Amino acid sequence: MHPLFLLLTPFIQQTMTDYIFQALDNPPPRFVQTLRAALAHHNQSVTGEAKLQHLGICANDKTGRTVGAVYGWLQWGWLYIDLTHLFNEKTLDQRLPSYSADPDGDSP
């Protein structure tokens, strides 16, 4: 049983006796997809259409090599960061190709 579940068990038993809670250590993708879809539907019904802009930010060294990167999105005036990584000598071979601002939007 998941340690967090054990910590919450006394609270759950005292306040929510009509429900059975189950901790999933590795929930299947369908569980996550269903939860995301339900939450997105609820949020949209309350706030209206959510304009979402995906965003990638690269940090390049003086030679133009990407040494760090952040991926996320802008929504409702907030920046949500999903992924971030700083490359080092051990991960040198995993570096992203260098990206530069392209006014025509043709860069990958």
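These are my notebook entries on the fold, the strand pairing, the one salt bridge and the largest pocket of a predicted model.

**Ground rules.** I number residues from 1 along each chain as its sequence is written, and I keep to heavy atoms for side-chain values, with hydrogens and water left out. Since the model is predicted, local features need pLDDT of at least 70 and side-chain atom pairs count only at pLDDT 80 or more, whereas totals for chains, interfaces and linings use all residues.

**Entry 1, overall fold.** I looked up the secondary structure and found two helices and three strands, which follow the pattern α-α-β-β-β along the sequence. Helices (H or I, at least four residues) and strands (E, at least two) are DSSP runs, numbered from the N terminus. I then looked up burial, where buried means under 20% relative accessible area, exposed over 50%, and partly exposed in between (1.4 Å probe, protein chains only). Buried residues make up 10% of the 108 residues in the protein.

**Entry 2, helix α2.** I compared the length of α2 with its expected span, which is 1.5 Å times one less than its number of residues. The 19 residues of α2 should span 27 Å, and the end C-alpha atoms are 26 Å apart, which agrees. Just after α2, I noted that glycine 48 takes a positive phi of about 90°.

**Entry 3, β1 with β2.** I count two strands as paired if DSSP finds at least two bridges between them. Strand β1 (residues 52-60) and β2 pair in the antiparallel sense over nine bridges; among the partners, leucine 52 is matched with glutamine 75 in β2, and glycine 56 with tyrosine 71 in β2. The hairpin of β1 and β2 has five residues between the strands, and in this hairpin glycine 64 takes a positive phi near 95°.

**Entry 4, the salt bridge.** I searched for a side-chain nitrogen of Lys or Arg within 4 Å of a carboxyl oxygen of Asp or Glu, and by this rule the count comes to one salt bridge. The side chains that meet in it are those of aspartate 61 and arginine 65, at 3.2 Å from N to O. Aspartate 61 counts as partly exposed because its relative accessibility is 25%, and arginine 65 also counts as partly exposed, at 40%.

**Entry 5, β2 with β3.** I found that β2 and β3 pair in the antiparallel sense over eight bridges. Tyrosine 71 stands opposite leucine 83 in β3, and alanine 69 stands opposite histidine 85 in β3. Of the nine residues of β3, the number buried is zero, so this strand lies largely in the open.

**Entry 6, tryptophan 76.** Where does tryptophan 76 sit? I placed tryptophan 76 in the loop between β2 and β3 (78-86), in a hairpin with two residues between the strands, where tryptophan 76 takes a positive phi near 55°. Tryptophan 76 is partly exposed, with a relative accessible area of 41%. Tryptophan 76 and leucine 52 are 24 residues apart in sequence, and their C-alpha atoms are 8.1 Å apart in space.

**Entry 7, the largest pocket.** I worked on a 1 Å grid over the protein atoms alone, where a pocket is an open set of points at which a 1.4 Å probe fits, with protein on both sides within 12 Å along at least five of seven lines, and lining residues have an atom within 4 Å of a point. Grid points are joined across faces, edges and corners, and a volume is the space filled by probe spheres set on the points. The largest pocket has a volume of about 230 Å³. Its lining is formed by Arg36, Ala37, Leu39, Ala40, Asn43, Trp73, Gln75, Trp76 and Tyr80. The elements that give two or more residues to this lining are α2 (29-47) and β2 (66-75), and α2 gives the most, with five residues.
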